[in-house]
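Visitor: Please take a close look at the aromatic rings in this model and at what sits against them.

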Amino acid sequence: MFNFRSNGFVLTVCAVLWVIIALRVLMNSANAEREYVPPVASQDAIQSFAKAQLDRLQSRSFSESVEYCGFIWEDGDGNLDTSPVFRGEEATCGYEFQWPLGVKPVAGYHTHGGYDPRFDDEVPSITDMEGDIKSRIDGYVSTPGGRLWRIDWQEETAHQICGEGCLSQDSDYRPCAGYLPEPRYTITSLQARIENDPGQC
């Protein structure tokens with residue numbers, strides 16, 4: 001003889017668990033390689049949004065000497081929004097690869113913390129480039145000198161969008177005249193920059 005009340009309870013619990021599992025798979029879909037779908041929003045709109053987000057984070061990043069990072073996502077109409085901002089460490093910041101249903105990530109962004117002559121922070125790092133290329137998403141990077149970079153994951157290049165002082169600048173920042181950034185880098189040319197560092201700054 002069946003106990004319909006108990007069976008109904010078990011079926012309800014199973015249904016709830018199934019929904020939770022399905023939602024977690026969808027929310028964490030960024031961990032798996034996904035088919036690239038071009039953004040609805042224009043590149044200019046995404047770039048302007050990233051620039052504004054980073055400029056707002058610069059002073060906090062400088063004062064705490066840590067990196068801050070986040071995602072930019074869009075809804076089906078191309079309206080842009082940002083994930084919660086994550087606080088990183090001195091030279092790293094980890095994203096949580098989760099976003100709400102109904103939106104898709106179109107770019108990542110992070111600051112480079114406060115000025116520190118030990119680091120070559122006026123250009124993206126090799127780790128920055130490799131991470132964005134692997135994640136199949138563009139990345140935007142701000143520097144202590146107020147530069148803005150875009151990492152293009154498809155071209156596997158980093159482009160300087162605007163130069164020194166175009167974003168808020170760390171008051172401790174000191175330019176290195178002997179080692180100015182190039183306007184464009186590949187992973188190979190970034191590696192060459194590291195190997196040929198004159199050590200003057």
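Guide: The ring pairs come first, then the charges placed over rings. The model is predicted, so local features need pLDDT of at least 70 and side-chain atom pairs count only at pLDDT 80 or more, while totals for chains, interfaces and linings use all residues. Residues are numbered from 1 along each chain as its sequence is written, and side-chain values use heavy atoms, with hydrogens and water left out.

Rings of Phe, Tyr and Trp (its six-membered ring) pair if their centres lie within 6.5 Å; planes under 30 degrees apart count as stacked, over 60 as edge-to-face and the rest as tilted. The count by this rule is three aromatic pairs. One of them joins Tyr36 and Trp153: the centres are 5.2 Å apart and the planes stand at 70 degrees, so this pair is edge-to-face. Tyr36 is in the loop between α1 (4–27) and α2 (43–64), and Trp153, 117 residues apart from it, is in the loop between β6 (148–152) and β7 (157–162). Helices (H or I, at least four residues) and strands (E, at least two) are DSSP runs, numbered from the N terminus. Tyr36 is partly exposed at 29% relative accessibility, whereas Trp153 is buried at 12%; buried means under 20% relative accessible area, exposed over 50%, and partly exposed in between (1.4 Å probe, protein chains only).

Another pair is Trp149 and Tyr185, with centres 5.9 Å apart and planes at 45 degrees, so it is tilted. Trp149 lies in strand β6 and Tyr185 in strand β8 (residues 184–186), so the pair ties together parts 36 residues apart in sequence. Both residues, Trp149 and Tyr185, are buried.

A charge sits over a ring if NZ of Lys or CZ of Arg is within 6 Å of the ring centre and within 35 degrees of the ring normal. The charged end of Arg60 is placed over the ring of Tyr68, 4.7 Å from its centre. Arg193 lies over the face of Tyr179, 4.0 Å from the ring centre.
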